[in-house]
Amino acid sequence: MISDLPTLLRSLAPLRQPGRYVYTTLPAANAVDASLLVATVREPEGLSAILAADDAARLGLRGEFPCAWITLTVHSDLAAVGLTAAVAAALTDAGISCNMVAGLRHDHLFVPEADADRALAVLQAMQTEAGGDSPSAPS
């Protein structure tokens, strides 16, 4: 688990997850298989969820914000200071919207689907500029 910001940036190792994702709100009576959910947040309006767009459509859920999912594969400490701000600033400078979700071991970014390749390039450049290994070219 890494908490030092320079080390985190050198070790980002961003990875685009396959597929297209959407945000939705699950109705109270709607039982959804938990294995389909990428992330959830309880809000006064209901349970907000991120899931694959195909799964949302199959379940009859209205999806919003079609996006790509990028995982920072570095094992980041939840108490680390500055990673979210650094990533947000870099993506802001590139004009890319980003919604971040912290998992226990990794941070996950949800960016507009059309901006996914650019976002990945920005993150890879951050890693390289911080002295990390150059990411391998996409296959």
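Leaving aside its neighbours within four places in sequence, which residues is Gln127 in contact with? Let's work towards that through the helix that carries this residue, bearing in mind that the structure above is a predicted model.

Gln127 sits in helix H4, which covers residues 116-129. This helix has 14 residues and reaches 20 Å from its first C-alpha to its last, close to the 20 Å expected at 1.5 Å a residue. Look next at which of its side chains turn away from solvent: Ala116, Ala119, Leu120, Val122, Leu123, Gln124, Met126 and Gln127 are buried. The buried residues of H4 pack against two helices, H1 (5-10) and H3 (83-93), and against three strands, E1 (14-16), E5 (64-72) and E7 (107-112). After the helix comes Gly131, with a positive phi near 95 degrees.

Now back to Gln127 itself. Its relative accessible area is 7%, and because buried means under 20%, Gln127 belongs to that class. As for the opening question, Gln127 is in contact with Leu9, Arg10, Ser11, Leu12, Ala13 and Pro14, and also with Gly132 and Asp133, once neighbours within four places are set aside. With Asp133 there is a polar contact to look for: the side chain of Gln127 reaches the backbone oxygen of Asp133 at 3.2 Å. You can also place Gln127 relative to Val87, which is 40 residues apart from it in sequence and 10 Å apart in space, C-alpha to C-alpha.

A second buried residue makes a good companion to this one. Thr24 is found in strand E2, and Thr24 counts as buried because its relative accessibility, 6%, falls under the 20% limit. Here too a side chain meets a backbone oxygen: a polar atom of the Thr24 side chain lies 2.9 Å from the backbone oxygen of Arg62. Beyond residues up to four places away in sequence, Thr24 touches Leu47, Ser48, Ala49, Leu51, Leu61 and Arg62.

Strand E2 also leads us to the largest pocket, whose volume is about 210 Å³. Strands E2 (21-26), E3 (37-43), E4 (46-52) and E6 (99-102) each supply at least two residues of its lining, and E3 gives the most, with four residues. In total, 14 residues line this pocket, and those nearest its centre are Tyr23, Glu43, Ser48, Ala49 and Ile50. By character, the lining divides into seven nonpolar, five polar and two charged residues. Two of the residues nearest the centre, Ser48 and Ala49, are also among those that Thr24 touches.

Terms used: Residues numbered from 1 in each chain as written. Predicted model: local features only at pLDDT ≥ 70, side-chain atom pairs only at ≥ 80, totals over all residues. Heavy atoms only, no water. 1 Å grid on protein atoms, 1.4 Å probe; cavity = no way out; pocket = protein on both sides within 12 Å on 5 of 7 lines; lining within 4 Å. Points joined across faces, edges and corners; volume = space filled by probe spheres on them. Nonpolar A, V, L, I, M, F, W, Y, C, P; charged D, E, K, R; others polar. Buried < 20%, exposed > 50% of the residue type's maximum accessible area, 1.4 Å probe, protein only. Polar contact = N/O pair within 3.5 Å; in protein donor to acceptor, adjacent residues only side chain to side chain. Contact = heavy atoms within 4.5 Å. Expected span 1.5 Å × (residues − 1).
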